[in-house]
Amino acid sequence: MENYASAQFICLLRAVLSGLAAGFLYDLLRSLRLRRRRSLLLTHLLDGLYVLFLGAVGLYLTLRVGGGELRLYLIFGAAGGALLWFSLLADFFRPLWDWWLDTVLSFFGFLWRPLARVFALCRKLWLSAKKGFIFLKEHAIITLSRCRSVRFFHHGEEGRSMARTKT
């Protein structure tokens, strides 16, 4: 088996680029996570997404770039790419991610306002209909109980009158 330095260098560059991508994704998810510090569900969901991404990148590096062999320089290259991102590029891009996140959230907030009003109206209509159905149910129960008591009363009178006539 031959060993080509240029092919290994290209593999190392791919590993560094994947490390840069991992750092980039971490910063994006960090901006989202810092918006909702108290939401543990969001934190765990974003951490799980990041771990899945890292697993996919690790498999890609091992199977495609490394030819099915786990090569140590690929791991160091990916770690170096992440270190390069966090030391040189992260401080420059973090305000940009925060600005884009604010922009996207305000846009979706703008889109959500009419939908929230429609949902609030539907909720009010549902509660009114629910109260109306409860009232109709109680009215029907009262009416039926009155009809039954009147019917039983008449039936009882007929039974007594028939008993009196027989004796």
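What is the volume of the largest pocket? Hold on to that question, everyone, while I say one thing about what we are looking at: this is a predicted model. Now the answer: the largest pocket comes to about 200 Å³. Fourteen is the number to remember for its walls, since 14 residues line the largest pocket, and those closest to its centre are G58, L61, L74, I75 and A78.

What sort of residues make up that lining, by class? Ten are nonpolar, four are polar, and none is charged. As for where they come from, α1 (5–35), α2 (40–65) and α3 (72–166) each contribute at least two residues to the lining.

Let's step back to the whole chain. Its secondary structure consists of three helices and zero strands, so if you trace along from the N terminus, you read α-α-α. The chain has 167 residues, and 17% of them count as buried. About 13,600 Å² is exposed, with carbon and sulfur atoms supplying 70% of that area. And if you take the contacts with a separation of 6 or more, 71% are between residues 24 or more positions apart.

To finish, let's visit one residue, T62, which you will find in helix α2. Is T62 buried or exposed? T62 counts as buried, because its relative accessibility is 19% and the cut-off for buried is under 20%. Who does T62 touch? Setting aside neighbours within four places in sequence, T62 is in contact with G67, G68, E69 and L70. Do find T62 in the structure above and look for those four contacts yourself. Thanks for listening!

Conventions
Residues are numbered from 1 along each chain as its sequence is written. This is a predicted model: local features need pLDDT of at least 70, side-chain atom pairs count only at pLDDT 80 or more; totals for chains, interfaces and linings use all residues. Side-chain values use heavy atoms; hydrogens and water are left out. On a 1 Å grid over the protein atoms alone, a cavity is a set of points where a 1.4 Å probe fits but cannot get out, and a pocket is an open set with protein on both sides within 12 Å along at least five of seven lines; lining residues have an atom within 4 Å of a point. Grid points are joined across faces, edges and corners, and a volume is the space filled by probe spheres set on the points. Helices (H or I, at least four residues) and strands (E, at least two) are DSSP runs, numbered from the N terminus. Ala, Val, Leu, Ile, Met, Phe, Trp, Tyr, Cys and Pro count as nonpolar, Asp, Glu, Lys and Arg as charged, and the others, Gly among them, as polar. Buried means under 20% relative accessible area, exposed over 50%, partly exposed in between (1.4 Å probe, protein chains only). Contact means heavy atoms within 4.5 Å. Accessible areas come from the Shrake-Rupley method with a 1.4 Å probe; for residues, only the protein chains shown count as cover.
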